Amino acid sequence: MSRRITSLSVRDFRSIRGSITIPLDSPVVLVHGRNGAGKTSLLSALELGLTGSASSLDLVDATSSEHLIHKEADNASVSLCVSGFDNLQNSTEIRIDSGVHGNPLLGKELRNHYVERCYLGQSSLSRLFDIYQQKGKSASSPLTSFIKELLGLDALEALIDGLHDAGDVRRLRGRAVRYWEVRDVLPSLQAEAIRLENDLAAAKSNAKELSDEIQLLVALHWPEMDFQDAEATLVHIRSQSREEELQAIASRRREVSSLAIQIGSAESTSDASTIDDAAAAAALSEKALDQWRATTGQQLDDVFVRLDSLFKDLPSPTSSRPDYALTVALKLANSELERCRSVLQNHNVAIERTSSIADDMQGLSARLASIDEKIALHSNDASQLAQALSALVPHVHGDGCPVCDRNFSEVSSTPLLGHLTAKVSSLTHSAGQLSALSGERAGTIRQLDAKSREIEILKGSTLDVASQSDVSLRMTIVIDAVSALDSLGESAKHGEHLFALAAESSQALEALRLRDDRGALLRNAATKVLSELGVTGNDPARSLKEMLDESVNILQARENAIQAAESARQRTESALNDLVLRERSIRDIEDRQAVLRKKQAGLTSDLERGNKAIDSVKSLLKLAQDERVEIVRRVFNDSLNAAWKDLFVRLAPEEPFVPAFSVPKQSRSDFQATLETLYRDGRRGGNPRAMLSAGNLNTAALTLFLALHLSVRPQLPWLVIDDPVQSMDEVHISQFAALLRTLSKQQNRQIIVAVHEKPLFDYLCLELSPAFEGDRLISVELGRAADGNTVADCIVREWARDHAIAA
């Protein structure tokens, strides 16, 4: 069974309006229609059903997928049927609304084969060279990919691609991680080795300088010592430290110096006569103070005794500071006087206010009694009676009483209804007055309560007779005390001055006595120190201070000598310590150099092995590239160029230039297929777009597509071409018709061709008409109905025996 596309149904797709169904179960299908009738839309719908997209439209407009639905419709659909395939479903439906929904008939690999080898769209024909021959140095053009597929170079290309990075070690950075780590690390290790060498030379130079300095110091200060080993010498030098002895002498010198200063100060003070004078002055001051205590002091004591009953913790005026005690007492007395006056004043104000409030309360009580009398006058159930009488008004008809049935006209000339209404009005007025009196009574009671509360508050400010007497007594005591204290103010200041003089005289006398005792102690200590230092202490010509100063100088000389020796020892110790550190640093640097050399040797060996491996890979890469070029040259010359030349010469026999594939010559770069032209005698020409006319350029592109189609295994035996005869003359068209007939009858291809011109369509229908039994031709003419919908006139032309010729 032939593998064919059998039918295509399209609804509201691009320029196709409405629904049409096209039979396609024929070796050749010819489609004709005017511009805009829907020929390209029909073939794009076929591509959509097979592949799930309209790739030929996307080449022209990347947004073409947004315009697949007819402008007057909300959705579209494409249905497609095929036959003769074991691995494909027989039919599918693609729905288009906000997106494309449904499963295309072809799998991914067959979709690409159909787009690249089976379908040549109208827009793709003129751009075929641009599509197949991309500009630039990229090796991924469609033509190059096709050539690699055709020649079966996948394994060889995979080998070349796999070895490509070895051609330049810079491309190995992301792959041969260890190799690049070694390349990156070795320079840093070399730099580290140079740095260590410089550090070692500097450390040895510094160690030599320190060793020379130490030898000089040892020769000067320890000539008996043999300097050989730095660490042993350092231990010995540390054991010679005299720091504790130096500190002890310095401490002793400071003590003697301090003692000399104190002795000098003690010797400069006054003698025993000064102490006697100070004692006499202290006795006079104490006598004057006693006289003051017996006179003015006694008067102050008397006043303070009277104030003790009023104030606690008053200071004593005769103990130390009488003026201060008088000031404190005056302040307390004046404050108490102000308090007593305020208490009496508040008492008088409260008495007056209480009397005024009592008068007000008497008036309010009289008013409350009057209100109660008025309320009693109007309180005889006036409101309830008024309501009862009002309820009887609707039942009064004439003068007959609705309660007792008596005739009211017998007792009064006023009508019963008028009398009843007047009575209700009078009772209602009394009820209003009663409500007003109740409100006034409540207000009067609230006023009386407020007055009572105010009287209770005022009671707190009033005093009873005993309290008034006590406050008056306190005021009398305080007034007398203030008067007495004011009169004794100057005397108190004089007494405080006497207290100060007495204290000062007593302190001066005590200080002189303490200084005399301390001087005796200092002299004893000085004599002991002089004896310890070997200085004669009984020389009458010199004072103790002079002899102590001499002792300080002796100690200072000893301290300077020890300090000089200790400074030399510390300097030697510091130099030895630095030398020991330098020797350790030298050993450490030498150890690091040994480790570094070992590491460098290992990495250098790894790098050499890596370089040998890369050289081997480069050799293999060159062999693979040379083999690829040889295969390409052989296949190009024997297959592709021959097929393309045969097709092109068949359609354009008069053209002197023949398009061809350019055979690659270089072997190191990636394979890149290009296009060129050749003279009939084999000489090279230029690019086909520069050497061929417009018609022959169209013929070259068409035959290129056919050559590429025929060069591969026919996975899909279909050729779908949209308006392929652009710029062709009659000779080209007749040759093209013959070529289509050959492809259909001999190569078993199902051919679907769309043309624009009606005469060409009729000519192709005649040339491709059925020629043998079982042969068939379907012609489709697209147009528009009166309502604007697309219509398709399909004619199936079957082979029939010509009876006239048979006869």
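A residue counts as buried when its relative accessible area is under 20%, as exposed when that value is over 50%, and as partly exposed in between, with a 1.4 Å probe and protein chains only. The model described here is predicted, so that local features need pLDDT of at least 70 and side-chain atom pairs count only at pLDDT 80 or more, while totals for chains, interfaces and linings use all residues. Residues are numbered from 1 along each chain as its sequence is written, and side-chain values use heavy atoms, with hydrogens and water left out.

**Sheets and strand pairing**

Helices (H or I, at least four residues) and strands (E, at least two) are DSSP runs numbered from the N terminus, and two strands pair if DSSP finds at least two bridges between them. Strands of a sheet pair through backbone hydrogen bonds, in either the parallel or the antiparallel sense.

One open sheet has five strands in the order β2-β1-β4-β5-β6, with antiparallel pairing. Its edges are held by β2 (19-23) and β6 (100-101), each of which has a single partner strand, so one side of each is left without a neighbour in the sheet. Within this sheet, β1 (residues 4-11) and β2 pair in the antiparallel sense over five bridges, and leucine 8 stands opposite isoleucine 22 in β2.

Another open sheet contains six strands in the order β7-β10-β11-β3-β12-β13, and its pairing is mixed. Here β7 (119-120) and β13 (790-798) stand at the edges with a single partner strand each, so one side of each lacks a neighbour in the sheet. Strand β3 (residues 28-33) is mostly covered, with six of its six residues buried. Both of its faces are covered, since Val28, Leu30 and His32 on one side and Val29, Val31 and Gly33 on the other are all buried. On one flank, β3 pairs in the parallel sense with β11 (residues 750-755) over five bridges; valine 28 stands opposite isoleucine 751 in β11, and histidine 32 has valine 755 of β11 as its bridge partner. With β12 (residues 776-784), β3 also pairs in the parallel sense, over six bridges, and valine 31 has valine 780 in β12 as its bridge partner.

Strand β8 is likewise mostly covered, with six of its six residues buried, and β8 and β9 pair in the antiparallel sense over six bridges.

**Aromatic rings**

A pair of aromatic rings is described by the distance of the centres and the angle of the planes. Rings of Phe, Tyr and Trp (its six-membered ring) pair if their centres lie within 6.5 Å, and planes under 30 degrees apart count as stacked, over 60 as edge-to-face and the rest as tilted. By this rule the count comes to five aromatic pairs, two of which are set out below.

| Pair | Centre to centre | Angle between planes | Class |
|---|---|---|---|
| Phe85 and Trp718 | 5.6 Å | 70 degrees | edge-to-face |
| Phe657 and Tyr679 | 4.6 Å | 55 degrees | tilted |

The pair of phenylalanine 85 and tryptophan 718 links distant parts of the chain, 633 residues apart, with phenylalanine 85 in the loop between β4 (76-83) and β5 (91-96) and tryptophan 718 in strand β10 (residues 718-722). Both phenylalanine 85 and tryptophan 718 are buried, and ring pairs link Phe85, Tyr114, Tyr119 and Trp718 into a cluster.

The pair of phenylalanine 657 in β8 (residues 657-662) and tyrosine 679 in β9 (residues 674-679) spans 22 residues, and tyrosine 679 is also the bridge partner of phenylalanine 657. Phenylalanine 657 is buried, at a relative accessible area of 13%, whereas tyrosine 679 counts as partly exposed at 28%.

A charge sits over a ring if NZ of Lys or CZ of Arg is within 6 Å of the ring centre and within 35 degrees of the ring normal. The charged end of arginine 683 sits over the ring of tyrosine 679, 4.2 Å from its centre, and arginine 321 lies over the face of tyrosine 324 at 4.7 Å from the ring centre.

**An exposed loop residue**

Alanine 771 is found in the loop between α21 (758-767) and β12, and alanine 771 is exposed, with a relative accessible area of 54%. Alanine 771 and arginine 741 are 30 residues apart in sequence and 10.0 Å apart in space, C-alpha to C-alpha.
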